[in-house]
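Here's a quick tour of the model you have open. We'll take the helix packing, then the symmetry, then the DNA.

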There are 2 protein chains.
Amino acid sequence: MIADPAARRDVPDATVARLPEYLRALTDLAGRGVASVSSEELATVAGVRSAKLRKDLSHLGSYGVRGVGYEVEVLAHEISRQLGLAQNWPVAIVGLGYLGHALATYSGFANRGYHVVALLDRDPEIVGQEIAGMIVGSVDDLEQVVTGHGVAIGVIATPAASAQEVCDRFVAVGVRSVLNFAPCVLSVPQGVHVRKVDLATELQILAFHEQRKTESVRESRPLLEVSP
Amino acid sequence: MIADPAARRDVPDATVARLPEYLRALTDLAGRGVASVSSEELATVAGVRSAKLRKDLSHLGSYGVRGVGYEVEVLAHEISRQLGLAQNWPVAIVGLGYLGHALATYSGFANRGYHVVALLDRDPEIVGQEIAGMIVGSVDDLEQVVTGHGVAIGVIATPAASAQEVCDRFVAVGVRSVLNFAPCVLSVPQGVHVRKVDLATELQILAFHEQRKTESVRESRPLLEVSP
DNA sequence: AGATGTTTGTGAACGCACGCACAAAGTCGC
DNA sequence: GCGACTTTGTGCGTGCGTTCACAAACATCT
């Protein structure tokens, strides 16, 4: 029954990174009225191999029934709990350009265990606007807002030049988890967790593979040099 | 020494994923007038360990000078070339909600080896609008646009419900690299490369670690369980 | 020129993650 | 109740990625 304390201690990072995808797949299935799935089926929907899925889930505990499969509701609830989505984390978003705008209105946030409690920007043109049912506040009030709402996770969607300063202010008032969309490396003290998402990076990785594909067709042709 | 043909064949995926960050760091340094860096300095700016950086770069060839370091311009140009950024890949973006809007106006795309050649949407309200200096076209013309511009990379920023259909149409007209922002798994034939970015996923991974932190605080009190 | 100092490039050891294959554990039919 | 079938959970081998540590290679100073 209570295998949690032992199992929960060390969930591999690679597994953690896949849990949200499993949860999304399970939510899909639940929405379609599916009550039970095998690891094979769920793996297909989630885009992984069944063996990997089973090993991942085994790190959370034993929530399947041999010979039957997993109960969708039960497993979804368990993953949800492990990810801490029951806690409705208060999130603050700084920087409301198009990207911040997208994040604020992203239904995935509100519906998946998060609660955007504050939108902040530096531009007086943007401050005061209503976005996703909220009034954009001034970044000057960052400390007050974070403390007041007990913000645990800070989202940075500012230009790279402002990112470090915003991050420092987040950290100074106790935020220990930061999601950074600015194309720069943030330096933070030990114990603060930063995840970075760079849209251009993803494209560049794709471009690398794309080039390899076209290269293997042309095979060993000299590239043209660029003269400055 | 031309070590390229041998070295270029197998660049580890993990290394490829870091190359864009190195390139960004080098561009930063070049902009600040730095001409030469050691692996230690560059690693700090890029947020990795120097040993890892050196091993990564060694997969591209030998572009450093022992006892001195790397020439910023030379290394940047080399990574740029390996990533295929000299080719100005034509990119098409489908789905111009706030996220698609953000992608279209993202300066990182235009300035880093990409050329957004088409914006497409299904909503008649959005078709015809001007975004980032381009007129949004109808998704009905997807095949024509892709073929006409020789689009190699397709970006999907639609709702999940439409993503697979758009993907299929991309693939049908020869696109082999897809960047998917929709929260769903795309199924594609062998040889087509898909990268997925899900904004909610990143938050959930952060939440997991955040929960672990707060748990370890609460559980530090009942260290000893009552045993029978 | 030789000695000294610095930094790269890499062989080797280690650790993590993935896939395989199978025993364990359950269901179902009779 | 028992055998056949299904599916989970996992021990193990393998391969990849990271880190360490050092020799090779270059610059600089005397």
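## Two helices crossing

In chain A of this predicted model, helix H2 (residues 13–31) packs against helix H3 (residues 39–46) at an angle of about 105 degrees, and their axes sit 9 Å apart. Angles of 65 to 115 degrees count as roughly perpendicular, so that's the label for H2(A) and H3(A).

Who's touching whom? From H2(A) you've got Glu21(A), Tyr22(A), Arg24(A), Ala25(A), Leu26(A) and Leu29(A), and they meet Leu42(A), Val45(A) and Ala46(A) of H3(A). Sorted by class, this H2(A)–H3(A) contact has seven nonpolar residues, two charged ones and no polar ones.

## How the two chains relate

Turn chain B by 180 degrees, with a shift of 0.0 Å along the axis, and it can be laid on chain A with an RMSD of 0.1 Å. That's the relation of a two-fold axis. The same surface serves both copies, with 99% of chain B's contact residues recurring in chain A.

## Around DNA strand C

There are 23 residues around DNA strand C, and the ones that come nearest are Arg18(A), Lys55(A), Arg66(A), Ser39(B) and Tyr70(B). By class, the surface near the strand has nine charged, seven polar and seven nonpolar residues. Of the strand C atoms within 4 Å of the protein, 67% belong to sugar or phosphate, and the rest to bases.

Zooming in on chain B, a polar side-chain atom of Arg54(B) is 3.0 Å from a base nitrogen of strand C. Lys55(B) has a side-chain N or O atom 3.0 Å from a base nitrogen of strand C. For Arg66(B), a polar side-chain atom lies 2.9 Å from a sugar or linking oxygen of strand C.

Definitions and conventions. Residues are numbered from 1 along each chain as its sequence is written. Chains are lettered from A and ligands numbered from 1 in the order in which they are written. This is a predicted model: local features need pLDDT of at least 70, side-chain atom pairs count only at pLDDT 80 or more; totals for chains, interfaces and linings use all residues. Side-chain values use heavy atoms; hydrogens and water are left out. Copies are superposed by least squares on the C-alpha atoms of residues with pLDDT of at least 70 in both. Contact means heavy atoms within 4.5 Å. Axes are lines fitted to C-alpha atoms, for helices over the stretch in contact, and angles run from 0 to 180 degrees between N-to-C directions. Helices (H or I, at least four residues) and strands (E, at least two) are DSSP runs, numbered from the N terminus. Angles under 35 degrees count as roughly parallel, over 145 as roughly antiparallel, 65 to 115 as roughly perpendicular and the rest as oblique. Ala, Val, Leu, Ile, Met, Phe, Trp, Tyr, Cys and Pro count as nonpolar, Asp, Glu, Lys and Arg as charged, and the others, Gly among them, as polar. A residue is near a molecule or strand if one of its heavy atoms lies within 4 Å of it. A polar contact is a pair of N or O atoms within 3.5 Å; within protein, one must be able to donate a hydrogen and the other to accept it, and residues adjacent in sequence count only if both atoms are side-chain atoms.
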